[in-house]
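Thanks for coming, everyone. I'd like to walk you through a few local features of one chain, so let me bring it up on the screen.

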Amino acid sequence: MKVPFLDLKSPYIELKNDLDLAFNRVMTSGWYVLGNEVAAFENEFASYCGAEHCVGVGNGLDALHLILRAYGIGAGDEVIVPSNTYIATWLSVTHVGATPVPVEPEARTYNIDAALIERAITNKTKAIIVVHLYGQTADMDAINVIAHKNGLKVIEDCAQAHGALYKGRRAGSLGDAAAFSFYPGKNLGAVGDGGAVTTSDPEVSDRVRVLRNYGSRVKYHNDVIGFNSRLDELQAALLRVKLKKLDEWNGRRQALASLYMRTLEGVPDLILPFVAEWAEPVWHLFVVRHPRRDSLQDYLTSKGVGTLIHYPVPPHRSSAYSGQGYRERCYPIAEDLAATVLSLPMGPHLDDNCVGYVENAFSSFA
């Protein structure tokens, strides 16, 4: 038996009729960029998230980048980011000319530690980017209090948190603005790159809408120096089909996560995910920790179990930021996580037998 880490084919098979209808609707429309499908998806996704506005863009990194530009953040400014995240979070800050200021994660949830944020704030700090890592929301009430006290914007990185709840409210409506990715492997995934910004601030929505389209409101009339970052009609039409299934598919992920928790409890040296009392995760990833992570991964591979590491190199230790003077162990929690985390197979089309097979593989690992 083989258990793939990720199954991208089964979602298409389950929704084949509706996805094929959406595909044909766009192809026969003769309109492929910024049309009715994008407008409809933006309305539907804003409503789903509990935000007033949604603007479709090219990908998740662009979503973060355009939010920062919409707030006027740039050279000389600082933005607080998690030390433990995918590098896209940091890149968005660097791309606007600002400086990413890392803050270590909370040791159990792996999300940014709200208790450490305030000491990282300077007179140059303009915003806090919060990542809801692996599909679990960060402690947003505590972070929003700190931001309000210091006059900072709170930007959610929701690339792994489509549908995740914080005290009953959905990710994408928990800060000043939020960035989503619709990369194919996401809980809500397109068949290519895609992204969106959600916000209840009409000025930010309007600025991002202009920035994504060459800085233009009217064709060939450019108000500001903008970018080409637009969600296309085909991706929007397909996402509209999948959005209707998102809660059901997240429910399947939650059931699998519960089964993993029960069956893997007590495995020697294995650290299972911790769920904070405020969170209802959507389990984009099911991430465990083990002191012999690399040996465990090799063993599971030999048994046909696909795994990945999210992420093997924290941004401050990457070559991309090697010129910034970060020393080894300057962010030890992030570095310890990078050395020990392992993501197990997860997705709405895995079944209990797959989890049982993974559990049996663990039981024979010595």
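Helix 5 gets its cover from several elements, which include helix 4, strand 2 (78–82), strand 3 (99–103), strand 4 (125–131) and strand 5 (153–157), all packing over its buried residues. Do keep in mind that this is a predicted model. Which residues of helix 5, spanning 88–95, are buried? They are Ala88, Thr89, Trp90, Ser92 and Val93. As a reminder, residues three or four places apart in an α-helix point the same way, because there are 3.6 residues a turn. Step just past the end of helix 5 and you meet Gly97, whose phi is positive, about 90°.

Now over to helix 4, residues 60–70, one of the elements covering helix 5. Helix 4 is itself mostly covered, with 8 of its 11 residues buried. Those are Gly60, Ala63, Leu64, His65, Leu66, Ile67, Leu68 and Ala70. Have a look at the start of helix 4 too: Asn59 places a side-chain oxygen within 3.1 Å of the backbone nitrogen of Leu61. Just after helix 4 there is another glycine, Gly72, with a positive phi of about 75°.

Let's move to the loop between helix 2 (16–27) and helix 3 (36–49), where Tyr32 sits. Tyr32 belongs to a nonpolar surface patch along with Phe23, Met27 and Val33, and together they have about 350 Å² of accessible area. Is Tyr32 itself buried or partly exposed? Its relative accessibility is 40%, so Tyr32 counts as partly exposed.

Leu34 is in that loop between helix 2 and helix 3 as well. Here the backbone is worth a pause: phi of Leu34 is near 50°, a positive value, and this residue is not a glycine. Most residues other than glycine have a negative phi, and most peptide bonds are trans. Leu34 is partly exposed, at 25% relative accessible area.

My last stop is the loop between helix 11 (293–302) and helix 12 (332–340), which holds Tyr311. Where is the cis peptide bond? It joins His310 and Tyr311, with omega at about 10°. Arg329 is found in the loop between helix 11 and helix 12 too, and its phi is positive, near 70°, again in a residue other than glycine. With 42% relative accessibility, Arg329 is classed as partly exposed.

That's my tour, and I'm happy to go back to any of these spots with you.

How values were computed
Residues are numbered from 1 along each chain as its sequence is written. This is a predicted model: local features need pLDDT of at least 70, side-chain atom pairs count only at pLDDT 80 or more; totals for chains, interfaces and linings use all residues. Side-chain values use heavy atoms; hydrogens and water are left out. Patches are made of residues with over 30% relative accessible area and no salt bridge: like charges are joined within 9 Å, nonpolar side chains (Val, Leu, Ile, Met, Phe, Trp, Tyr) within 5 Å. Accessible areas come from the Shrake-Rupley method with a 1.4 Å probe; for residues, only the protein chains shown count as cover. A salt bridge is a side-chain nitrogen of Lys or Arg within 4 Å of a carboxyl oxygen of Asp or Glu. Helices (H or I, at least four residues) and strands (E, at least two) are DSSP runs, numbered from the N terminus. Buried means under 20% relative accessible area, exposed over 50%, partly exposed in between (1.4 Å probe, protein chains only). A polar contact is a pair of N or O atoms within 3.5 Å; within protein, one must be able to donate a hydrogen and the other to accept it, and residues adjacent in sequence count only if both atoms are side-chain atoms. Contact means heavy atoms within 4.5 Å.
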